[in-house]
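Student: I've got a model open and I'd like to talk it through. Can we start with the whole chain and then zoom in on one residue?
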Amino acid sequence: MINKSGILNINTKNLVFNYNFFKKLKKNLIVAPTIKANAYGLGAKKIYNLLLNQGCKHFFVATLNEGLKLNNKNNLANIYVLNGLQNYKLNKFTKANLIPVVNTIDEYERIKNANIDYAIHIDTGINRLGISSRDVKILDFESKNIKLIISHLSSSDEYKIKYNTKQKKIFNTFANKKPKGVIFSLANAHGSILDKTYLYDMIRPGIGIYGCFENNKLEKRIKNVINFKAKIIQIKYLTKNQYIGYNRTFKTKNKTKVAIIGLGYEDGIPRSLSNKGFVYFKKDRFKIIGRISMDSFTIDISKCSHDLKVGMYVDIINDEHKVDKFAKKCKTISYEVLTSIGNRVHRNYE
């Protein structure tokens with residue numbers, strides 16, 4: 001095994017399974033994975049090339065620099081840049097074969113007469129990026145350079161709320177015009193399984209491709225992709241009434257055998273798990289005791305049924321204890337968990 005303090009094993013077969021699950025939702029549906037933020041921490045170049053080999057031709061990134069790193073010189077795919085033109089020159093996009101997503105009227109005025117393909121983002125109610133649906137009347141939807149029109153759901157993981165329907169109704173006022181050659185896209189991973197009326201021509205799954213979910217409906221349909229492991233770097237025996245970690249937040253009640261784990265909050269193990277989180281080795285579960293530090297934390301292995309040694313690895317996230325369960329314990333979401341796993345953690349693709 002690679003001699004790293006932390007290993008993020010990425011199951012590429014399961015990731016491809018998840019991609020194909022979304023493809024099967026509708027005949028001829030375009031599945032355009034969101035690979036921004038380094039593919040949610042899993043490695044954008046690796047995921048991009050993996051899915052290219054599966055026939056995927058459309059991807060989304062957030063920034064121009066993210067798109068440049070994918071090196072699309074041969075124009076193998078349509079790579080859309082969600083954060084738009086900003087103050088970049090148009091030739092930055094054309095030279096790199098990147099497609100900007102226009103988010104403002106000012107951006108539209110800059111690009112409308114240029115010989116460059118682009119997408120339009122209409123804000124239907126999330127009030128984040130996008131041109132307000134009130135202001136789109138000046139747009140020429142018949143322009144041959146508009147290749148895609150998107151919007152984004154505010155609450156796609158909440159299946160029974162009316163706000164999703166409200167946003168879809170607004171989006172339909174544009175989609176129903178059916179301008180020639182324009183692709184329409186509203187749904188992310190969760191939105192794509194609300195019902196088939198949210199699918200349109202294209203969906204943009206992110207977290208679901210990577211095996212994560214915000215509710216049971218998606219969990220039942222996709223497979224776990226990651227296993228996050230941490231190495232034991234020291235084992236020691238403590239007597240009764242000894243303190244562990246910064247500020248003495250844990251005190252031993254009996255003789256205690258502990259293992260020091262070589263990851264910390266720099267690597268994506270949040271301090272909120274101090275004295276309450278767990279790690280796993282086969283069927284055993286070990287509690288985190290004391291404060292989580294930048295580079296290490298401590299677990300109680302007094303009742304371990306295996307002979308743990310320095311250099312062995314324990315699981316932080318695995319098929320049984322998935323990302324979303326870990327996120328809930330941290331009082332956050334799976335998106336933040338994945339994107340917080342630091343660069344010192346080795347990514348291994350299997």
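Student: What percentage of the 350 residues count as buried?
Tutor: Keep in mind that this is a predicted model. A residue goes into the buried group if its relative accessible area is under 20%. Of the 350 residues in the protein, the share that does so is 53%.

Student: How many strands does the protein have?
Tutor: Both kinds of element are present, with helices numbering 10. For the strands, the count is 19.

Student: Which strand holds Arg-347?
Tutor: Look at residues 346-349, which form a single strand. Arg-347 sits within that run, so by numbering from the N terminus its strand is β19.

Student: Which side chain of opposite charge is nearest to Arg-347, and how far away is it?
Tutor: Arg-347 is buried, yet it has no salt bridge. A salt bridge needs a nitrogen-to-oxygen distance within 4 Å. The nearest candidate is Asp-267, at 7.9 Å.

Student: Which backbone oxygens does the side chain of Arg-347 reach?
Tutor: A polar contact means N or O atoms within 3.5 Å. One partner is the backbone oxygen of Val-345, at 2.9 Å. Another, 3.0 Å from a polar atom of the Arg-347 side chain, is the backbone oxygen of Gly-41. That gives you Val-345 and Gly-41.

Student: Which residues does Arg-347 touch, leaving out those up to four places away in sequence?
Tutor: Touching here means heavy atoms within 4.5 Å. Gly-41 shows up again, now as a contact of Arg-347. The full set is Leu-8, Ile-10, Gly-41, Leu-42, Ile-341 and Gly-342.

How values were computed:
Residues numbered from 1 in each chain as written. Predicted model: local features only at pLDDT ≥ 70, side-chain atom pairs only at ≥ 80, totals over all residues. Heavy atoms only, no water. Helix = DSSP H or I, 4+ residues; strand = E, 2+ residues; numbered from the N terminus. Buried < 20%, exposed > 50% of the residue type's maximum accessible area, 1.4 Å probe, protein only. Lys, Arg positive; Asp, Glu negative; His and termini not counted. Polar contact = N/O pair within 3.5 Å; in protein donor to acceptor, adjacent residues only side chain to side chain.
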